[in-house]
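Colleague: I should be grateful for a close look at one part of this model, namely the protein surface that meets the nucleic acid. Please describe that surface in detail, and then the elements that lie behind it in your account.

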Amino acid sequence: MNLFNEFAKDLRVILDDLATGGDLPAGLDLSKVTVEPPRDPSHGDLSTNSALVLSKQAGRKPRDIAELLAARLRALPDVTSVEIAGPGFVNLRLSDDTWRERVGDILVAGVTYGNGSIGAGIAVNVEYVSANPTGPLHAAHARGAVVGDALASLLEKAGYTVTREYYINDAGAQVEVLGRSTYLRYREALGETVEIPAGMYPGEYLKDVGAALAERDGAKWLDASEADWLPVTRDFAIEQILAGIKQDLADLGVRNQVFSSERALIASGAVEDAYQSLVEQDLIYTGVLEPPKGKKPDHWEPRPQTLFRATQFGDDVDRPLKKSDGSWTYFANDIAYHLDKYRRGSSVLIDVLGADHGGYVKRMQAATTAVTGGQGSLDAKICQLVHLLQNGEPVKMSKRAGTFVTLRDVIDQVGRDVVRFIMLTRRNDQTLEFDFAKVTEQSKDNPVFYVQYAHARCCSVLRHAQDADPARSLAPEDLAATAVLARLSSPEELELIKLMASWPRVVESAAQAHEAHRIAFYLYDLAGAFHGLWNKGKDDTTMRFLLDEDPELTTARLALVKAVSIVIASGLDVMGVEPVEELRG
RNA sequence: GGACCCGUAGCUCAGCUGGAUAGAGCGCUGCCCUCCGAAGGCAGAGGUCGUACGUUCGAAUCGUAUCGGGUCCGCCA
């Protein structure tokens, strides 16, 4: 349960009541009314801006409204004090017992604690990775993969129905090149000496693909014409590479459920379909675009094109849908694809894209709005670059020389949980430094370690308690039933409890903002609060969790510790990171 | 030339969709500890939130302009 929402409800009842009683005008717009924890905890547990927000509408001074509210709020059962502060904030304090009860909630709910319902009835499609099937995933793909995957989990936790999707760009010139490159490697596998010309894919990985094809088909294609072998080598290569990509994703703990093929989409007539719908809306015309300014106009020649009126939906220029040979542009296919996602039931579409797609967002949003008749919305999460470092030194990468770091390399070096956690330690639109040395360091400035360490410490305490008293049950439901939570009375303990009580709120707001990184920051804070409490026990032995002379307090603290481990596990679950029970060397 | 993203402590970054005295880690300064319940702990200094206007009870947050850095810019995907 989200305590803040409960009080928001209470507050609305009170406001309605005041309206019917004539103290406030009826029909007030309450959309800006909030109930949230004040930034400064000394102001109280909860704060509402109602009086400030409603002042103008109601035609009364904020202080007067605040007085009215305060009188009513004081009557609520869990409220111990109400103060009016600053320009008209109403600050509440809740009884300690109200907070302590959350520990029981957490123990009973387990890792489902924090699950919300704001997404109920809303279907969201999260598309991520969507790397071209022309080569293995490299390190940079890790970010989009993790951001998308964690966002999907976050949305699920908040109650949305989520489809995890991967768009396979298996149509167009690049996969044709892939097919030809593979053919060369195929000949190579059959004993020929080949040169890989410029413009082909030189990667070593295609040797395996060529060899596998030679293995399967023998010399069958050696004397065939390109028209015959190209579809074969192309489809074979796509299939092989895609299998590798899926394996890499699986090893990163990423589980896209739906793989949509661009080629299949075109074959189904979906592009023609989407195009017709735009024609019917009079959003298509033939025109000539201005050359981009400031950029060298090289071979620019004005040319009439089939254009979509993207400018009507906020884009900067109208966008071409057909190439001069009459085939669809990538954009045209993508419009059909987004319509397809919408028609499959998701009105909220999220694309997790790389930094190089920033300029693409506006047109896709324009198209999504147009093609869904304004019923579908697209949010694009652009992931900025990841800088790979080794002890502060940039890791040299060159596509030309083929020395790029693959996703597999990264997973093998630092482990999947570290990759996943670190990728969420920055907002998606902020560049991220990934230092192989730092991310595996055991210190406070490594958030992965710091959070895992907190969880491990919880487990360690529970293990000790079990060793000391093998007959004791540490099952969460038993702790919930037997612990006398009123014994948790130190400021540090209550602070920790309040932090855990805000977890549902964190989930909710992060989901609404489509920002999974907030989970990582929350866990870092929670870990910090727990470590702080632990440290108290170092010089004040009465603050330790296990106290031989006070079994009742010990049980209460074990309940608290268990709750902390549950909330950490709940957060790590969203991030797709496995909580560890002990740390090793 | 244009679009998008970023600009917050010396450094790396948060800042809950407009709230009250702007936070964390590292680094720096000072004190304490050497416990075994494994990262040492505690305290302190350090900011006109790039700049300038604007919106309003109230702006790091929204708008406009401007400066600096990044990504990108017609039939590539």
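**The surface near the RNA**

Modeller: Around RNA strand B there are 67 residues, of which Lys293, Arg303, Lys323, Ser324 and Ala355 come nearest. The model is a predicted one, and the description below should be read accordingly.

By class, the residues near RNA strand B divide into 25 nonpolar, 21 polar and 21 charged. On the RNA side, sugar or phosphate accounts for 51% of the strand B atoms within 4 Å of the protein, and bases supply the rest.

Several individual polar contacts can be named. Ala355, one of the residues that come nearest, places a polar backbone atom 2.7 Å from a sugar or linking oxygen of RNA strand B. Two side chains face phosphate oxygens of the strand: an N or O atom of Gln430 is 3.2 Å from one, and a polar atom of His517 lies 3.1 Å from one.

As to secondary structure, the elements that each supply at least two residues of this surface are helix 2 (50–58), strand 4 (89–94), helix 6 (173–189), helix 15 (447–468), helix 18 (503–513) and helix 19 (517–539). Helix 19 gives the largest share, eight residues.

I turn next to a set of paired strands. Strand 8 (residues 284–288) and strand 9 (residues 304–308) run antiparallel and are joined by five bridges; in this pairing, Ile284 stands opposite Phe308 of strand 9. Strand 9 is also joined to strand 10 (residues 319–320), again in antiparallel fashion, by two bridges. Here Phe308 stands opposite Arg319 of strand 10. Phe308 thus has a partner in strand 8, Ile284, and another in strand 10, Arg319.

Strands 9 and 10 also take part in the surroundings of helix 12. Helix 12 (residues 361–371) is largely enclosed by the rest of the structure, because eight of its eleven residues are buried. Those buried residues are Val361, Arg363, Met364, Ala366, Ala367, Thr368, Ala370 and Val371; the list includes the charged residue Arg363. They pack against helix 10 (270–280), strand 9, strand 10, helix 11 (330–343), strand 11 (348–354) and strand 12 (377–383). After helix 12 comes Gly373, which has a positive phi, near 60°.

In summary, helix 19 contributes the largest share of the surface near RNA strand B, while helix 12 is largely enclosed, since eight of its eleven residues are buried.

Definitions and conventions. Residues numbered from 1 in each chain as written. Chains lettered and ligands numbered in written order. Predicted model: local features only at pLDDT ≥ 70, side-chain atom pairs only at ≥ 80, totals over all residues. Heavy atoms only, no water. Near = heavy atom within 4 Å. Polar contact = N/O pair within 3.5 Å; in protein donor to acceptor, adjacent residues only side chain to side chain. Helix = DSSP H or I, 4+ residues; strand = E, 2+ residues; numbered from the N terminus. Pairing = 2+ DSSP bridges. Buried < 20%, exposed > 50% of the residue type's maximum accessible area, 1.4 Å probe, protein only. Contact = heavy atoms within 4.5 Å.
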